[in-house]
Amino acid sequence: MERAAGSAAPARGSVRPPGARPVPPLVLALRRLPSPRLTGLGAGLFASAVMLVIGFLDRLILDGSPIVFGLLFLPVSALTALWVRTADLVTAPISVPIAFAVGVVPIAGGTGGLGGQAMAVVTALAVHAGWLYGGTLVAGIITSVRKVRDMGRRQQQASGGAGGGARGGAGAGTGGGRVASGAAGEKPGGRPSAPGRRPVA
């Protein structure tokens with residue numbers, strides 16, 4: 001008995017079942033990250049504020065390096081798509097390009113007033129369109145995967161509720177049949193009738 005208990009203890013204390021696949025370290029690291037649920041407006045403000053700070057830091061430290069700015073834009077796009085709530089998933093691919101345009105203002109390097117600054121921003125967006133499309137694509141893929149998973153979860157819940165209702169209806173029908181069969185063998189006065197006796201003339 002002691003050997004059996006000792007051999008069963010590791011199975012109960014194991015983290016994952018024997019047949020389950022090992023979880024990659026990257027997935028485990030992502031699960032440890034905070035998972036807030038932002039509205040569509042909150043996700044847009046988050047992405048814009050972060051990219052604006054990145055743009056200023058890039059200009060101060062690296063003299064406006066577009067490669068560093070574009071590389072940091074990709075994880076910001078991913079976090080925006082991960083942290084937006086399910087009801088506002090469609091807003092993430094829209095908020096990300098706006099955040100890129102806001103963040104590129106400090107590193108655009110325009111001169112000559114507002115018109116020159118606007119032309120510099122448009123030129124920077126055209127030159128660095130690859131990073132813009134890449135971040136938007138990352139946000140679109142993540143939101144699409146989240147939407148598909150949410151639809152599958154809802155379908156499973158709906159099928160589970162329908163199955164429970166069908167089992168409950170079958171049980172009620174069986175019970176009703178038993179009551180009906182019991183009621184058929186009784187007289188109106190409540191006494192059970194004797195099936196083998198005939199009335200005396």
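Let's start with helices α3 and α4, residues 40–62 and 66–83, whose axes come within 10 Å and cross at roughly 160°. That angle is over 145, so α3 and α4 are roughly antiparallel to each other. The handedness of this crossing is right-handed. Keep in mind, please, that we are looking at a predicted model.

Who makes the contact? On the α3 side you'll find Ala-43, Phe-46, Ala-47, Val-50, Met-51, Ile-54, Gly-55, Asp-58 and Leu-62. Facing them from α4 are Pro-66, Val-68, Phe-69, Leu-72, Phe-73, Val-76, Leu-79, Thr-80 and Trp-83. Sorted by class, the residues of this contact come to 15 nonpolar, 2 polar and 1 charged.

Now follow the chain from α3 towards α4. In the loop between these two helices sits Asp-63. Have a look at its backbone: Asp-63 is not a glycine, yet its phi is positive, about 60°. As a reminder, most residues other than glycine have a negative phi. Is Asp-63 buried or exposed? With a relative accessibility of 68%, Asp-63 counts as exposed.

Back in helix α3 we have Leu-60. Here is a leucine with 70% relative accessibility, so Leu-60 counts as exposed too. Leu-60 also has a partner to point out in Ile-107: the two are 47 residues apart along the chain, and their C-alpha atoms are separated by 9.4 Å.

Next, the other neighbour of α4. Helices α4 and α5 pack with their axes 10 Å apart, at an angle of about 150°. That angle makes α4 roughly antiparallel to α5. The α4 and α5 crossing is right-handed. From α4, the contact uses Phe-69, Phe-73, Ser-77, Thr-80 and Ala-81, while α5 brings in Ala-92, Val-96, Phe-100 and Gly-103. The class count for α4 with α5 is 6 nonpolar and 3 polar, with no charged residues.

You may have noticed Phe-69 on both lists: it belongs to the contact of α4 with α3 and to the contact of α4 with α5. The same goes for Phe-73, which touches α3 as well as α5.

That leads us to the core. In soluble globular proteins, nonpolar side chains tend to be buried together. In our model, the largest nonpolar core has 22 residues. Which residues have the most contacts inside it? They are Met-51, Phe-69 and Val-104. Five helices each supply at least two residues of this core: α3, α4, α5 (92–103), α7 (113–127) and α8 (129–184). Among the contributors, α4 gives the most, with 5 residues.

Let's stay with Val-104 for a moment. Setting aside neighbours within four places in sequence, Val-104 is in contact with Phe-69, Val-121, Ala-124 and Leu-125. Two of the core residues with the most contacts, Phe-69 and Val-104, are therefore in contact with each other.

Finally, let's step back to the whole chain. The protein has 8 helices and 0 strands, and from the N terminus on the elements read α-α-α-α-α-α-α-α. Of its 201 residues, 22% are buried. Looking at contacts with a separation of 6 or more, 69% join residues that are 24 or more positions apart.

If you open the model after the meeting, try starting from Phe-69: this α4 residue takes part in the α3 contact, the α5 contact and the contact with Val-104. Thanks, everyone!

Technical notes
Residues numbered from 1 in each chain as written. Predicted model: local features only at pLDDT ≥ 70, side-chain atom pairs only at ≥ 80, totals over all residues. Heavy atoms only, no water. Axes fitted to C-alpha atoms, helices over the stretch in contact; angles between N-to-C directions. Helix = DSSP H or I, 4+ residues; strand = E, 2+ residues; numbered from the N terminus. Parallel < 35°, antiparallel > 145°, perpendicular 65-115°, else oblique. Left-handed = near helix turned anticlockwise from the far one by under 90°. Contact = heavy atoms within 4.5 Å. Nonpolar A, V, L, I, M, F, W, Y, C, P; charged D, E, K, R; others polar. Core = buried A, V, L, I, M, F, W, Y, C linked by side-chain atoms within 4.5 Å. Buried < 20%, exposed > 50% of the residue type's maximum accessible area, 1.4 Å probe, protein only.
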